[in-house]
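Visitor: I would like to understand the words people use for a structure like this one. Could you take me through them slowly?

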Amino acid sequence: MTILWAEQALLADGWAKNVAITLQGDKIANIAVGAAPQGQRVGVLLPAPSNLHSHAFQRAMAGLTERRGPNPRDSFWTWRQLMYRFLDRLTPEDVQAIAAFVQMEMAEAGYAAVAEFHYLHHGPGGTPYANLAEMAARVAAAAEQTGLGLTLLPVLYEFGGCDGRSLGPGQNRFGNTPDEFALLMQGAEAALATLPTDTVLGVAPHSLRAVSVDGLGFAASLRPNAPIHMHLAEQVAEVDELLAHRGARPTEWLLANAQVDARWCLIHCTQMEPHETSGLAASGAVAGLCPITESSLGDGIFDGVSYAAQGGRWGIGSDSNIRIALSEELRTLDYSQRLRDRSRAALASADKSTGRVLFETAARGGAQAAGRDAGVIAVGKLADLVALNSTGPDMAGHQGDTTLDAYIFAGDDRMVSDLWSAGRHLVTGGRHHAHDAITAGYTATVTKLRAL
Ligand code: ZN
């Protein structure tokens with residue numbers, strides 16, 4: 001049993017002062033407001049969001065894709081060519097070291113868990129490893145080392161495009177038939193067996209361009225009560241491709257042809273028409289927003305103002321992992337709305353500030369997408385908690401919502417002091433307990449990769 005005491009805490013029903021929280025195992029067992037200081041003392045205690053979308057290995061590409069290529073118009077698609085060339089070098093050991101490092105960074109940034117959208121399955125050239133789920137096991141081993149909550153989402157990737165063309169040379173490490181994928185899922189389940197009980201195994205049909213109609217239904221049926229994630233509508237070219245082959249835009253097609261509900265998390269909703277935004281908001285699914293990556297790749301701007309006004313749920317993913325920064329994801333999302341609409345504070349409500357709305361929505365949506373019984377601080381929920389320092393020039397004297405506004409708009413993740421994932425105390429004084437060893441392993445790995 002552990003007792004935390006916070007000067008302020010954002011509970012399920014709002015802010016409270018002098019809060020003592022008792023953790024029992026992985027859950028919150030008791031909350032006492034107006035309590036005397038006791039146990040481990042922190043400043044501002046918040047529900048720690050889950051990061052709902054990551055491709056761990058891409059962390060090691062950060063900084064490698066900012067030169068102009070031979071193509072006069074650099075784009076998502078030229079970036080993807082670079083990504084394919086890079087990943088062809090990666091060994092299972094590399095993937096484990098990179099995943100551990102990025103998970104450690106996520107914990108230090110205030111995320112309690114990650115939903116890993118895992119598609120790098122096979123060896124170079126597409127040769128399966130002796131254990132079909134070798135790479136999944138490496139991601140699981142990284143989670144064992146970091147303690148970060150893991151929702152593993154093995155990806156079904158069948159085709160190179162909507163016309164059913166075979167995978168291109170850069171894609172052959174991803175591909176499986178549905179039968180192979182079912183075996184891979186069994187291997188992934190075995191790989192997760194030794195992880196803590198908050199670990200989740202979901203499923204991820206990659207996108208409407210990479211899976212068949214049958215493949216999508218098959219993937220959805222494999223884990224009927226688990227999270228199902230899919231890339232939805234990131235780029236104009238993929239919308240055009242689906243229109244040409246199925247006569248509908250991706251969101252239109254999915255809402256009409258799949259039972260989209262609270263199980264679903266749709267990644268990248270940058271290319272949606274107003275009727276699609278309304279349809280997705282009404283579905284109960286979570287929109288998986290990745291504002292830093294979507295900025296980096298020039299994807300476009302999600303219509304957050306309209307979606308939120310219609311009650312749509314969303315959460316944050318770090319996707320390409322070019323930068324792990326929870327506060328910056330939230331700030332980037334909000335600033336994108338301001339720049340597009342020439343407005344301010346459009347996501348705030350009558351009684352909640354912008355920072356409060358951003359943080360609470362991301363915490364609830366992230367937990368839903370990751371399949372974790374978390375997202376709010378309440379008795380019985382998983383103890384996914386993040387604490388911010390209450391001292392320092394940007395935070396001193398702030399109370400309530402203004403605390404979150406200062407953290408998101410003036411501060412950064414250096415304000416994070418502590419992080420608990422399902423009760424596991426991973427970060428103290430802003431540092432993960434295995435920071436040095438994990439960083440050394442990652443540095444050795446990327447030094448080797450960059451010399452190749
Ligand atoms: Zn992605």
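Guide: Let us begin with D373, which is partly exposed, with a relative accessible area of 42%. Keep in mind that this is a predicted model.

Visitor: Why is D373 called partly exposed?

Guide: Buried means under 20% relative accessible area and exposed means over 50%. D373 has 42%, so D373 counts as partly exposed.

Visitor: And what makes K381 partly exposed?

Guide: K381 has 24% relative accessibility, and buried would need a value under 20%, so K381 counts as partly exposed.

Visitor: How do you know that D373 and K381 meet in a salt bridge?

Guide: The rule asks for a side-chain nitrogen of Lys or Arg within 4 Å of a carboxyl oxygen of Asp or Glu. For D373 and K381 the N to O distance is 2.7 Å, so the pair counts as a salt bridge. Side chains of opposite charge can pair when their charged atoms come close.

Visitor: How many salt bridges does this rule give?

Guide: The count comes to 24 salt bridges. One pair is D94 and K448, at 2.7 Å from N to O. D94 sits in helix 2 (residues 92-109) and K448 in helix 14 (residues 435-451), so this pair, 354 residues apart, links distant parts of the chain.

Visitor: What makes D94 buried?

Guide: D94 has 3% relative accessibility, and the limit is under 20%, so D94 is buried. Its partner K448 has a relative accessible area of 37%, which means that K448 is partly exposed.

Visitor: Which residue meets E360 in a salt bridge?

Guide: The partner of E360 is R356, with 2.9 Å from N to O. Both residues lie in helix 12 (residues 354-370), 4 residues apart, about one turn of the helix. E360 and R356 are both buried. Elsewhere, D198, R372, D384 and R424 are linked in a network of salt bridges.

Visitor: Let us turn to the sheets. What makes strand 10 and strand 13 edge strands?

Guide: They belong to an open sheet of 4 strands in the order 10-11-12-13, with parallel pairing. Strand 10 (228-233) and strand 13 (313-316) each have a single partner strand, so one side of each is left without a neighbour in the sheet. From one strand to the next, the twist averages 30 degrees.

Visitor: How do you know that strand 10 and strand 11 pair?

Guide: Two strands pair if there are at least two bridges between them. Strand 10 and strand 11 (residues 264-269) have 5 bridges, so they count as paired, in the parallel sense. In strand 11, I267 is the bridge partner of H231. Strand 10 is also mostly covered, with 6 of its 6 residues buried.

Visitor: What joins strand 12 to strand 13?

Guide: Strand 12 (residues 286-289) and strand 13 run parallel and are joined by 4 bridges. A287 has W314 in strand 13 as its bridge partner.

Visitor: Which strands stand at the edges of the sheet with 8 strands?

Guide: That open sheet has the order 3-2-1-4-14-15-16-17, with mixed pairing. Its edge strands are strand 3 (27-33) and strand 17 (431-432), and each pairs on one side only. Strand 2 (residues 14-24) pairs with strand 3 in the antiparallel sense over 6 bridges, and L23 stands opposite I28 in strand 3.

Visitor: Why are helix 7 and helix 8 called oblique to each other?

Guide: Helix 7 (residues 250-257) and helix 8 (residues 274-283) pack at an angle of about 40 degrees, with their axes 9 Å apart. Roughly parallel needs an angle under 35 degrees, and roughly perpendicular runs from 65 to 115. The angle of about 40 degrees fits neither range, so the helices are oblique. Their crossing is left-handed. P250, T251, E252 and L255 in helix 7 meet H275, E276, G279, L280 and S283 in helix 8.

Visitor: What makes P274 exposed?

Guide: P274, which lies in helix 8, has 59% relative accessibility, and exposed means over 50%, so P274 counts as exposed. Its C-alpha atom is 8.8 Å from that of Y307, 33 residues apart in sequence.

Methods. Residues numbered from 1 in each chain as written. Predicted model: local features only at pLDDT ≥ 70, side-chain atom pairs only at ≥ 80, totals over all residues. Heavy atoms only, no water. Helix = DSSP H or I, 4+ residues; strand = E, 2+ residues; numbered from the N terminus. Buried < 20%, exposed > 50% of the residue type's maximum accessible area, 1.4 Å probe, protein only. Axes fitted to C-alpha atoms, helices over the stretch in contact; angles between N-to-C directions. Parallel < 35°, antiparallel > 145°, perpendicular 65-115°, else oblique. Left-handed = near helix turned anticlockwise from the far one by under 90°. Contact = heavy atoms within 4.5 Å.
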